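Subject: Structure handover and notes

Dear colleague,

I am passing on the structure we spoke about, together with some notes on what came out of going through it. Please look at the sequence and the structure before reading on.

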Protein chains: 2
Amino acid sequence: MKYVFTHLLGTFAIDEKVEKAVLLKGEDENTTKKLLPLPQEKKRTVLLLLKKKEYYSELSSRNLPLTREAIRNAVSNDSLIIQTISSIGELDQVCNLLSKRLREWWGLCLPELSEHITNHEHFAELITSKTKKELQTEFSITATMGADLEHYHLDEMIRLAKQIQQLYKLRQNQDFYLQKVMHEHCPNLLELAGATIGARLLELGKGLKHLATLPASTIQLLGAEKALFRHIKTGARAPKYGVLFQHPLVQNASKDQKGKAARLLADKLSLCARLDYFKGEFKAPEYKKEVEGKIK
Amino acid sequence: MKYVFTHLLGTFAIDEKVEKAVLLKGEDENTTKKLLPLPQEKKRTVLLLLKKKEYYSELSSRNLPLTREAIRNAVSNDSLIIQTISSIGELDQVCNLLSKRLREWWGLCLPELSEHITNHEHFAELITSKTKKELQTEFSITATMGADLEHYHLDEMIRLAKQIQQLYKLRQNQDFYLQKVMHEHCPNLLELAGATIGARLLELGKGLKHLATLPASTIQLLGAEKALFRHIKTGARAPKYGVLFQHPLVQNASKDQKGKAARLLADKLSLCARLDYFKGEFKAPEYKKEVEGKIK
């Protein structure tokens with residue numbers, strides 16, 4: 001064995017006469033160091049060699065466990081956070097869809113209730129916990145436009161309402177879990193951005209590592225890609241914020257200060273992402289005060 | 001009181017000199033019969049009279065309870081069936097969405113399982129009932145690409161899987177309920193079309209009454225409106241079936257017989273809808289045999 005050759009598929013040790021190639025484990029630095037790098041002119045020969053059936057099958061069989069391990073190791077807290085925030089988003093969607101159906105369905109027997117209660121979760125809770133008569137008394141609905149349905153019809157609606165309640169509970173649980181994971185993985189980001197926005201930033205920024213390398217101006221516009229490309233293409237107004245729009249500091253800023261708030265926030269968030277990635281100190285509360293002070 | 005005048009808003013009794021209008025209850029046929037219909041030349045005067053504030057407010061206050069009752073009475077089994085089938089459709093959508101998320105999420109710890117199990121419900125059941133190790137043994141997955149996650153990460157996925165199982169159960173429950181309601185309301189339609197397609201026909205046909213008035217050719221194309229209008233507009237091929245495409249008789253017919261099967265089926269379904277609306281006999285099994293015979 002004399003030469004070392006690193007290739008998309010792995011690191012290989014190649015014997016002097018370029019007749020045999022052996023796959024090395026990528027991490028095995030000691031072996032690698034002892035070998036000479038493959039000269040440019042021999043690369044072609046080696047690549048042709050690897051096309052041969054015998055080498056290819058050996059390569060493949062040695063490569064498989066390495067790849068498997070690489071994939072195993074690629075599962076990080078990032079992936080868990082991204083799955084959780086996607087799941088929360090989907091649960092929101094599901095809760096809304098089913099709640100709207102419940103309101104329409106329940107409208108057949110007591111349509112007036114829907115006007116009184118705007119919160120979907122509360123609506124589902126009322127239907128599961130109270131009878132139609134109790135609801136009529138509580139909200140003083142004397143003459144209802146709804147029909148008197150037999151109880152087995154109502155049961156079906158109540159069953160749906162119970163399911164909706166559980167979905168809301170599940171969503172809340174996932175929220176707690178998200179906070180827990182983020183508390184370990186990226187405490188600064190969690191503190192300054194909050195769980196939902198922080199996780200969305202991780203998702204859009206393709207993980208903490210990549211997020212930490214992004215400039216603040218990119219972080220400011222994460223989630224506003226559509227508007228940004230429209231701006232670039234058609235010259236429409238440039239977006240000021242993406243997911244950061246939901247942040248309380250941006251929400252509470254006056255209309256002409258929103259852009260500034262988003263810029264300051266993105267600035268500090270990029271610092272937070274770097275602190276978290278390099279396991280730095282917990283500085284987010286300081287940053288938060290600073291941004292709050294500047295906006296006022 | 002001398003004249004009777006029926007108007008969009010209700011039936012009115014009008015005194016001889018057309019000075020006073022009193023709203024009659026629509027059903028009060030005896031009173032109505034005693035009165036003369038309002039002569040054509042006086043209609044204008046009466047309509048102008050109803051514009052006056054005093055009459056208008058009286059009209060409005062008397063009209064309100066009548067309208068309310070009309071709405072109450074409008075709630076029929078049709079509305080319940082339509083709500084249920086819509087809800088079932090939405091639950092299908094929700095189950096698919098959340099199941100896909102579960103597969104992706106669970107893929108972080110045991111990605112190989114997803115290939116082995118194609119059924120979403122079964123997948124969720126396996127995750128709730130077995131540990132990762134048990135699953136690996138059962139499906140002989142020796143070297144997994146998934147990471148070893150701590151148990152509190154897995155708990156979150158299992159919670160989602162449990163929820164999905166319950167959603168599937170709810171969907172099944174609603175299916176039973178739908179069959180029960182349809183069994184009372186439209187037994188012929190239920191027998192020949194099945195619960196899902198029958199309910200979809202009721203939804204698309206805007207209730208049993210309207211469905212009973214539709215010609216068979218319209219019933220054949222319910223659910224294919226988009227293709228039908230494309231055919232009319234651009235001269236593309238005419239659709240052969242709408243929701244009936246899902247019916248086992250159409251599904252099992254050979255490709256060039258599908259159109260014929262849908263036509264025969266629609267023919268009998270329109271008869272079923274009429275039988276059900278006018279509370280006729282239970283003839284669906286006969287029809288079914290007839291259609292089956294003709295297709296063979």
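The notes below take up the contact between the chains, then the helix pairs, and then the salt bridges.

Please keep in mind throughout that this is a predicted model, and that the values given here are computed from it.

The contact between the chains

Chain A and chain B each bring 44 residues to the contact, and between them the two chains bury about 4300 Å², of which 62% lies on carbon and sulfur atoms. On the side of chain B, the residues that lose the most area to chain A are B:Arg72, B:Gln83 and B:Met145, which together account for 15% of what that side buries.

Helices that meet across the chains

Helix H4 is found in both chains at residues 77–106, and the axes of H4(A) and H4(B) come within 10 Å of each other while crossing at roughly 175 degrees. Because an angle over 145 degrees counts as roughly antiparallel, H4(A) is described as roughly antiparallel to H4(B). Sorted by class, the residues in the contact of H4(A) with H4(B) are 12 nonpolar, 10 polar and 6 charged.

H4(B) also packs against helix H8 of chain A (residues 151–185), here at an angle of about 25 degrees and with the two axes 12 Å apart, which makes H8(A) roughly parallel to H4(B). The crossing of H8(A) and H4(B) is left-handed. From H8(A) the contact is made by A:His153, A:Met157, A:Leu160, A:Leu167, A:Gln174 and A:Tyr177, and from H4(B) by B:Asn77, B:Leu80, B:Ser87, B:Leu98 and B:Trp105. Of the residues in this contact of H8(A) with H4(B), 7 are nonpolar and 4 are polar, with no charged residue among them.

A helix pair within chain A

H8(A) has a further partner in its own chain, namely helix H6 (residues 120–129) of chain A, whose axis comes within 8 Å of that of H8(A) and crosses at roughly 135 degrees. The two helices H6(A) and H8(A) are therefore oblique to each other, and their crossing is left-handed. The residues of H6(A) that take part include A:His120, A:Glu121 and A:Ala124, while those of H8(A) include A:Ile158, A:Ala161 and A:Lys162. By class, the contact of H6(A) with H8(A) is made up of 6 nonpolar, 3 polar and 3 charged residues.

Salt bridges

Over all chains, a search of the whole structure finds 22 salt bridges, and the count between chain B and chain A is 4. The side chains of A:Arg72 and B:Asp148 form a salt bridge, with 3.0 Å from N to O. Within H8(A), a salt bridge joins the side chains of A:Arg171 and A:Asp175 at 3.9 Å, N to O; these two residues are 4 apart in the helix, so A:Arg171 and A:Asp175 are separated by about one helical turn.

With best wishes

Technical notes: Residues numbered from 1 in each chain as written. Chains lettered and ligands numbered in written order. Predicted model: local features only at pLDDT ≥ 70, side-chain atom pairs only at ≥ 80, totals over all residues. Heavy atoms only, no water. Axes fitted to C-alpha atoms, helices over the stretch in contact; angles between N-to-C directions. Parallel < 35°, antiparallel > 145°, perpendicular 65-115°, else oblique. Left-handed = near helix turned anticlockwise from the far one by under 90°. Contact = heavy atoms within 4.5 Å. Nonpolar A, V, L, I, M, F, W, Y, C, P; charged D, E, K, R; others polar. Buried area = accessible area lost by both parts, 1.4 Å probe.
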